[in-house]
Structures are given as C-alpha cells and as structure tokens.
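Visitor: Could you take me closely through the salt bridges in this model, and then place them within the fold around them? I would like the cut-offs spelled out as you go.

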Amino acid sequence: MNWLHNAIGQIEADYQRSSDTHLIALALPGFSSHGIDLYLKDESTHPTGSLKHRLARSLFLYALCNGWLHADSTVVESSSGSTAVSEAYFARLIGLPFIAVMPRHTSAEKIAQIEFYGGQCHLVERADAVYDAARTLAAQTGGHYMDQFTYAERATDWRSSNNIAQSMFTQMARERHPVPRWIVMAAGTGGTSATIGRYVRYQRHHTGLCVVDPQGSVFADYFDSGNAAVTGPGSRIEGIGRPRVEPSFIRTLVDRMIRVADVDSVAAMQLLSELLGRKVGPSSGTHFVGMLQLACEMRARGQQGSILSLLCDAGTRYLGSYFDPVWVHREIGDCGPALARMKSQLAPAFQE
Ligand SMILES: *Cc1c(COP(=O)(O)O)cnc(C)c1O
C-alpha cells in the first residue's frame with residue numbers, strides 16, 4: 001500500500017505544481033470582420049510538449065488505482081511517439097522502467113525525448129504491428145501494457161476535474177461568442193474528442209464536434225459506414241489517424257467528419273506557423289484545415305460564432321521531417337497550391 005500511495009501522491013503533487021495551457025485568439029480579420037472568431041488551445045506548453053501529458057497522467061492514475069502497477073512493474077506502451085514521451089516522464093516520476101513500442105518512421109526528436117526521460121524504444125516496421133509487439137513485450141517482462149488506444153476514453157474524467165473541454169469553455173467566458181459553434185479535433189486514440197463530445201452534451205451546449213481525419217486513416221470510413229472492422233494503411237500525420245478503428249474512438253459523439261489530404265495538412269501547418277510566429281506540429285495543421293473550411297462555410301452563409309481547436313504539439317519535434325522542404329517534397333508532395341488557396345481564404349476582401 002505504501003508504494004501505491006506514494007506513487008499516486010507523486011503524480012498528484014506534480015499536478016499541483018502545473019498550470020493550465022493558454023487559449024490563443026487568432027487574429028484573422030477576414031473572418032472576425034464577419035463575426036467569426038478562431039481559437040487554439042496551446043497544448044504544446046505541457047512539460048512533455050503535447051496534449052499527451054494529460055492522457056499519460058490519467059492513464060497512470062487509472063492503472064495505479066486499478067491495481068495494475070506495482071513496485072516491480074515494467075510499463076509498456078504502443079505509441080506513435082507523443083504518448084510515449086509523456087508516459088516516460090510519469091514512469092520516471094514514480095520510479096518504474098518504461099518501454100515504448102513505436103513504428104520505425106517515428107521522428108528522431110521524439111525517440112531522443114523518450115530516452116531523455118529514461119525510457120527505452122522498441123521500433124517495429126509497420127504502424128499496425130505496435131499492438132501485438134507491446135502485448136508480447138509486457139508478457140515477457142511480466143510488465144503492464146498501458147494500451148492507450150483502449151483506455152484513453154475512459155481514463156479521463158469527462159464531466160469535470162478540469163478536463164480539456166471544461167478548461168476551454170471556462171477560458172471562453174469573456175469572448176463575444178463564448179459557446180463555440182464548432183470544436184475541431186483529430187483522432188489518434190479518440191480520447192480527446194470523446195472527452196469534448198461528452199462534456200458538450202452533459203453541459204447541454206449547442207456546440208458541434210467536428211473530427212478531422214488525415215489521409216490513410218480509417219476513422220472517416222468508419223463514421224460513414226459503421227463498419228468497425230475496416231483497416232487502412234495508417235496516416236503520415238504523426239499522432240493522428242489510425243490503420244484500424246481504435247476502441248477509444250466513440251463514433252456516436254461526432255457530429256461531422258472532414259477528410260484532410262496530407263498536402264493540405266502540411267500547407268496549413270506552414271500557414272499557421274507563419275500566423276503565430278512559431279512552428280506548430282503537423283496535426284495542428286490538420287486541425288487548421290478543418291477550422292478554415294468551417295469558417296468559410298459560416299461566412300458564406302452569414303453565420304456568426306466561434307470555432308475552437310488545439311495546438312497538439314510544437315513543430316520543433318519535426319525539424320528533420322515536416323519542416324524540411326526536401327523531406328516534404330519527397331514524402332508529402334507539392335504543398336504550394338494548397339497554401340495559396342488557404343491564404344486567399346484568409347484575405348479580408350475575400351468573397352465566396
Ligand atoms: C494524440 C495526438 C492527437 C490526437 O489526440 P487523441 O486524444 O489521442 O485522439 C493529436 N495530435 C498529436 C500530436 C497527438 O499526439
């Protein structure tokens with residue numbers, strides 16, 4: 001009991017020392033002059049650099065309180081990288097060894113960060129091989145497979161406890177459209193969109209949840225067809241889009257889905273980085289594509305309101321990939337036309 005109480009106490013003390021993340025109001029005259037305001041919650045400022053800091057904290061507390069972790073446990077996780085960085089941080093905090101199972105193409109910066117926090121990386125060739133490899137490793141080490149793709153949606157307190165949705169609504173209180181018309185979120189585990197969707201319904205807000213899905217992911221197909229057995233190649237946008245329907249993705253919470261091509265995600269990542277004066281990660285680009293589409297539709301219909309989304313991580317994690325023009329040209333393609341189209345959508349004089 002002593003070890004368990006101490007481990008939970010360490011995580012709670014770490015939380016007590018933490019501050020909330022900012023909600024950034026984007027200055028976009030082309031939309032604000034039409035009564036449409038865009039906001040981004042900056043999740044890149046967590047100590048481990050992404051929104052997965054929240055998830056990792058919740059998953060550790062859930063596993064500890066369930067009696068799944070002990071003084072001699074090895075913690076194992078399947079991840080596209082961000083969750084593993086945050087879990088390595090919490091594993092070190094409570095003194096447990098950590099192994100991340102990730103696809104080989106995971107960015108070098110993320111691998112370096114996991115190792116910085118004392119974690120080990122086990123790389124597999126294909127994105128869809130992480131699940132079995134993690135389960136096997138956990139069995140071999142007598143450890144515990146955290147399984148974020150199953151437990152993300154249930155490890156978070158969706159009613160309150162300062163979850164991400166409650167924080168966003170509180171931070172909007174003094175804006176001209178305090179209840180957002182739309183919240184835009186991509187799905188990796190699906191956990192964040194589940195928390196937001198449940199919170200919105202529980203509070204009886206008239207806010208739509210729009211999930212943006214990158215090329216190669218199966219979530220949009222599943223949303224359209226209801227077929228949970230659908231599989232795909234998986235996404236090139238790190239952190240979002242999956243090769244299989246993850247148990248944490250709750251389809252009935254989603255009001256609308258938008259499919260986003262990789263050239264659009266990367267162009268929007270570049271545009272958003274320019275607008276904010278600092279580099280944002282590629283999934284933030286995918287979010288911005290959805291926000292722009294919804295904002296253009298509202299402007300064309302003469303609707304007013306606010307649109308919220310997240311900056312999930314910073315671009316500094318992707319200097320050797322999405323921020324390297326040679327890499328982008330080879331792996332993603334020519335983003336020039338998409339960038340020009342989005343810039344014209346932002347222009348104040350733009351008429352539909
Ligand atoms: C995990 C992740 C997301 C998606 O969040 P989920 O709650 O897992 O659906 C988006 N962007 C980045 C960078 C992520 O790591």
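**Salt bridges and their surroundings**

Guide: The structure holds 23 salt bridges, a salt bridge being a side-chain nitrogen of Lys or Arg within 4 Å of a carboxyl oxygen of Asp or Glu. This is a predicted model, in which local features need pLDDT of at least 70 and side-chain atom pairs count only at pLDDT 80 or more, while totals for chains, interfaces and linings use all residues. Residues are numbered from 1 along each chain as its sequence is written, and side-chain values use heavy atoms, with hydrogens and water left out.

One of the salt bridges brings together the side chains of Arg176 and Asp37, at 2.7 Å from N to O. This pair links distant parts of the chain, 139 residues apart, since Arg176 lies in the loop between α8 (164–171) and β7 whereas Asp37 belongs to strand β2. Helices (H or I, at least four residues) and strands (E, at least two) are DSSP runs, numbered from the N terminus. Asp37 is buried, with a relative accessible area of 10%, where buried means under 20% relative accessible area, exposed means over 50%, and partly exposed lies in between (1.4 Å probe, protein chains only).

The strands named here lead on to β10. Strand β2 (residues 36–42) runs parallel to β10 and is joined to it by seven bridges, two strands being counted as paired if DSSP finds at least two bridges between them. Leu40 has Ser309 as its bridge partner in β10. Strand β7 (residues 182–186) also pairs with β10 in the parallel sense, over two bridges, and there Ile183 has Leu308 as its bridge partner. Strand β10 itself (residues 305–311) is mostly covered, with seven of its seven residues buried.

A second salt bridge joins the side chains of Arg135 and Asp132, with 3.7 Å from N to O. These two residues are separated by about one helical turn, because they stand three residues apart in helix α6. Arg135 counts as partly exposed at 45% relative accessibility, and Asp132 is exposed, with a relative accessible area of 55%.

A third case is the salt bridge between the side chains of Glu153 and Arg154, at 3.4 Å from N to O. Glu153 counts as buried at 11% relative accessibility, whereas Arg154 is partly exposed, with a relative accessible area of 38%. Elsewhere, Asp20, Lys41, Glu43 and Arg54 are joined into one network by salt bridges that share partners.

The setting of Glu153 is helix α7 (residues 148–155), which is mostly covered, as seven of its eight residues are buried. The buried residues of α7 are Gln148, Phe149, Thr150, Tyr151, Ala152, Glu153 and Ala155. Among the elements that cover them are α3 (52–65), β3 (75–78), α4 (82–93), α6 (130–141) and α9 (191–202).

Salt bridges also occur between the domains. An automatic or database domain assignment supplies the domain bounds, and the protein is divided into domain 1 (13–46 + 159–342) and domain 2 (52–152). Their centres, taken over C-alpha atoms, are separated by 24 Å. In all, 28 residues of domain 1 are in contact with 26 residues of domain 2, contact meaning heavy atoms within 4.5 Å. The two domains bury about 2,100 Å² between them, 46% of it on carbon and sulfur atoms; buried area is the accessible area (1.4 Å probe) that two parts lose on being put together, summed over both. Asp14, Glu238 and Arg317 supply 30% of the area that domain 1 buries against domain 2, more than any other three residues. The count of salt bridges between domain 1 and domain 2 is three. Glu238, for its part, forms a salt bridge with Lys110, with the closest N and O atoms 2.7 Å apart.

For a nonpolar setting, turn to the largest nonpolar core, which has 44 residues, those with the most contacts inside it being Phe31, Leu38, Phe288, Ile307 and Met342. Helix α12 (residues 282–301) gives the most to this core, with eight residues. Such a core is a set of buried Ala, Val, Leu, Ile, Met, Phe, Trp, Tyr and Cys residues joined through side-chain atoms within 4.5 Å. Phe31, not counting residues up to four places away in sequence, touches Ile36, Leu292, Ala295, Cys296, Arg299, Gln345 and Leu346.
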